[in-house]
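Reader: Could you take me through the nonpolar core of this chain, and then show me how that part sits within the whole? I would enjoy a close look.

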Amino acid sequence: LDQRAMTALARVNRKTRRRGRSAPVRTLAWFIVLLETFLTVTYIRAGQRGWEVNALLGLFLLGCILGEDRVNGALALGRIAPDSREVNAAFQEDHYVHRTRAAETWWNYRQIKAIGESEEYFAFVLDKNHGQIYRKDGFVWGTPEDFRAFIQKKTALKIQKVR
């Protein structure tokens with residue numbers, strides 16, 4: 001697990017399980033960015049002082065919107081022990097097993113609440129704060145297409161494409 005993988009997992013979580021809660025907040029944030037941009041342009045055209053505050057607020061909020069997944073991924077990666085960052089997973093008929101240097105954990109497929117797929121990863125969302133991510137090029141046995149069909153059958157969940 002690295003920053004890139006955790007950013008992808010945060011994005012999948014935001015676009016699947018947290019979609020209903022984060023969409024209105026993101027819409028409001030974009031509205032405020034546009035409002036701050038409008039106010040900045042209006043102040044500059046009118047020759048008034050104080051436009052810098054509006055510009056800074058708009059830029060700060062824009063950074064928050066665009067960097068949300070990166071920040072959430074970094075925070076999550078910081079909570080993972082170094083011995084748990086390299087994961088070997090084995091998918092069985094009735095469960096799957098996670099092995100790290102620190103522990104071995106067995107999971108039931110029914111614990112998976114949502115599945116997201118990006119160009120590089122499959123991601124499982126277990127709840128709003130927990131997930132698992134697997135690189136597509138990390139399969140030792142089978143192909144990503146085989147895995148997609150297998151995991152959809154086991155979980156009865158639709159895999160959501162996430163950019």
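Author: Happily; here is a walk through the core, followed by the chain around it.

Please keep in mind that this is a predicted model. The largest nonpolar core in it has 13 residues. Those with the most contacts inside this core are M6, L9, V12, Y121, A123 and I133. Three elements, α1 (3-15), α3 (51-78) and β5 (121-127), each supply at least two of its residues. Of these, α1 gives the most, with 5 residues.

I133 is a good place to pause. Leaving aside residues up to four places away in sequence, I133 touches L1, A5, A8 and L9, and also Y121, F122 and A123. Two of these partners, L9 and Y121, appear with I133 in the list of residues that have the most contacts inside the core, and so does A123.

Apart from this core lies another, made of 11 residues. Among its members are Y109, L126, Y134 and F147.

Now let us step back to the chain that holds both cores. Its secondary structure comes to 4 helices and 7 strands. Following the sequence, you meet them in the pattern α-α-α-β-β-β-β-β-β-α-β. Contacts between residues 24 or more positions apart make up 52% of those with a separation of 6 or more.

The overall dimensions are worth setting beside the cores. The radius of gyration is 20 Å, whereas a compact globule of 163 residues would have one near 15 Å. Taken along the principal axes, the box filled by the C-alpha atoms is roughly 70 × 30 × 25 Å. Of the 163 residues, 34% count as buried.

Turning to the outside, the accessible surface of the chain comes to about 10700 Å², and carbon and sulfur atoms account for 57% of that area. As for charge, there are 27 positive and 17 negative side chains, with the centres of the two sets 7 Å apart.

One last stop, away from the cores, is A156. This residue is found in the loop between α4 (144-155) and β7 (159-161). Its phi is near 60°, a positive value in a residue other than glycine. Is A156 buried or exposed? With a relative accessible area of 70%, A156 is exposed, because that value is over the 50% cut-off for the term.

Terms used
Residues numbered from 1 in each chain as written. Predicted model: local features only at pLDDT ≥ 70, side-chain atom pairs only at ≥ 80, totals over all residues. Heavy atoms only, no water. Core = buried A, V, L, I, M, F, W, Y, C linked by side-chain atoms within 4.5 Å. Buried < 20%, exposed > 50% of the residue type's maximum accessible area, 1.4 Å probe, protein only. Contact = heavy atoms within 4.5 Å. Rg over C-alpha atoms; globule rule 2.2 N^0.38 Å. Areas by Shrake-Rupley, 256 points an atom, 1.4 Å probe, with all protein chains shown as cover. Lys, Arg positive; Asp, Glu negative; His and termini not counted. Charge placed at Lys NZ, Arg CZ, Asp CG, Glu CD.
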